[in-house]
Structures are given as structure tokens and as C-alpha cells.
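Please work through the exercises below with the structure at hand. Each task is followed by a solution in steps.

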Amino acid sequence: PNVAKTSYLNTEQSESLAKMVQCRLAKMPIQYIIGYWQFRELKLTMKPPVFIPRAETEGLVDVILSHLKGLKNTEINILEIGCGSGAISLSLMKEYKSQFNNIKILAVDQSASACRLTLENAANLQLLNTSNSDANLLPGNFTVKIVITSNSFRV
């Protein structure tokens, strides 16, 4: 059966759809309108004004993961400057598994909104070790938040 002929929107759904249409007509990115975006294996919450990860960023994660596979018996420390939604750091945490290495990521951003969104995404994805998270304001309004630590993965 044709869904359009058999389905109706209630008042709340109709109002919500009208708001989404107005946002889209105002050229708001779809990721902000629907509130999330798929990045590799992650479903990330998206909120303005935090930048939306681009498709080529997924390729960057591939390059980093490929490099990490060659490392043995070491603690891996990664600094991500400009973490935005956390797409890179959180993808590395989720996808990097090694029986030989530990990985520690420090993700920073000058935007408090970006830091909050990275923390929110880390918590939603159960990748945040709350005992290692930090929230500090440094001179110059430079916000530092988030330290994500993964224990060794044993096969």
C-alpha cells in the first residue's frame, strides 16, 4: 500500500515537520535539523555551532588506524586539537583494538560547545571514563576537556 495514502501526521508531528522544513529552507544543515549524524561506526549527536565532520575526515581516521596497527608494546598518546563533535577521537577509541598497546587521547577545543558535545557523544557511546575526564578553563578562554583512556584489548 502507498504510505502517503494510509498514514497521517498528528498535530505535534505536523508542527515538527513544518519547523524542520523552515530550518531546511533557511539552509540549516540536515545534521543539525535531525540532531545526529553517522560517522564511521558512530552515531554522533550534532548541535550548532559545532562543525559537522566531513566525509574526508573518515579517511583520516583510516590513515591513523593503519599507522597504529604497526606499533607494538607501547602506550599510545594522541592529542586532537579542535575536537568538534569528537568524531576522530571517539572513532579511534571505538575502532582501535590491540593486545599490545594502551591508547590515551586528549581532545581539546577552544569552543566550550565543542567540548561539551564531545563529552556528550563520548558518554552516549559509553566511551568516557568519567574518572579521567577533566574540565578546565585556562587563560585566554582556552577550554580543555576530555581525556579518554582505553585499557589493553586482550584476545
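The exercises concern salt bridges and the largest pocket of this predicted model.

**Exercise 1.** Determine which residue forms a salt bridge with Glu95, and where the two partners lie.

Solution.
- The partner of Glu95 is Arg40, with the closest N and O atoms 2.6 Å apart.
- Glu95 belongs to helix H5 (residues 87–95), while Arg40 sits in the loop between strand S1 (36–39) and strand S2 (42–45); the pair links distant parts of the chain, 55 residues apart.
- The relative accessibility of Glu95 is 19%, and buried means under 20%, so Glu95 counts as buried.
- Arg40 and Glu95 are joined by Asp62 in a network of salt bridges.

**Exercise 2.** Establish which parts of the chain the salt bridge between Glu120 and Lys47 ties together.

Solution.
- The closest N and O atoms of Glu120 and Lys47 are 2.7 Å apart.
- Glu120 is in helix H6 (residues 112–124) and Lys47 is in the loop between S2 and helix H4 (55–69), so the bridge ties together parts 73 residues apart in sequence.
- Glu120, at 28% relative accessibility, counts as partly exposed.
- Lys47 is also partly exposed, with a relative accessible area of 39%.

**Exercise 3.** Describe the largest pocket by its volume and its lining.

Solution.
- The volume of the largest pocket is about 320 Å³.
- Its lining has 18 residues, and Phe51, Gly82, Cys83, Gly84 and Ser85 are the closest to the pocket centre.
- By residue class, the lining comprises nine nonpolar, six polar and three charged residues.

Definitions and conventions: Residues are numbered from 1 along each chain as its sequence is written. This is a predicted model: local features need pLDDT of at least 70, side-chain atom pairs count only at pLDDT 80 or more; totals for chains, interfaces and linings use all residues. Side-chain values use heavy atoms; hydrogens and water are left out. On a 1 Å grid over the protein atoms alone, a cavity is a set of points where a 1.4 Å probe fits but cannot get out, and a pocket is an open set with protein on both sides within 12 Å along at least five of seven lines; lining residues have an atom within 4 Å of a point. Grid points are joined across faces, edges and corners, and a volume is the space filled by probe spheres set on the points. Ala, Val, Leu, Ile, Met, Phe, Trp, Tyr, Cys and Pro count as nonpolar, Asp, Glu, Lys and Arg as charged, and the others, Gly among them, as polar. A salt bridge is a side-chain nitrogen of Lys or Arg within 4 Å of a carboxyl oxygen of Asp or Glu. Helices (H or I, at least four residues) and strands (E, at least two) are DSSP runs, numbered from the N terminus. Buried means under 20% relative accessible area, exposed over 50%, partly exposed in between (1.4 Å probe, protein chains only).
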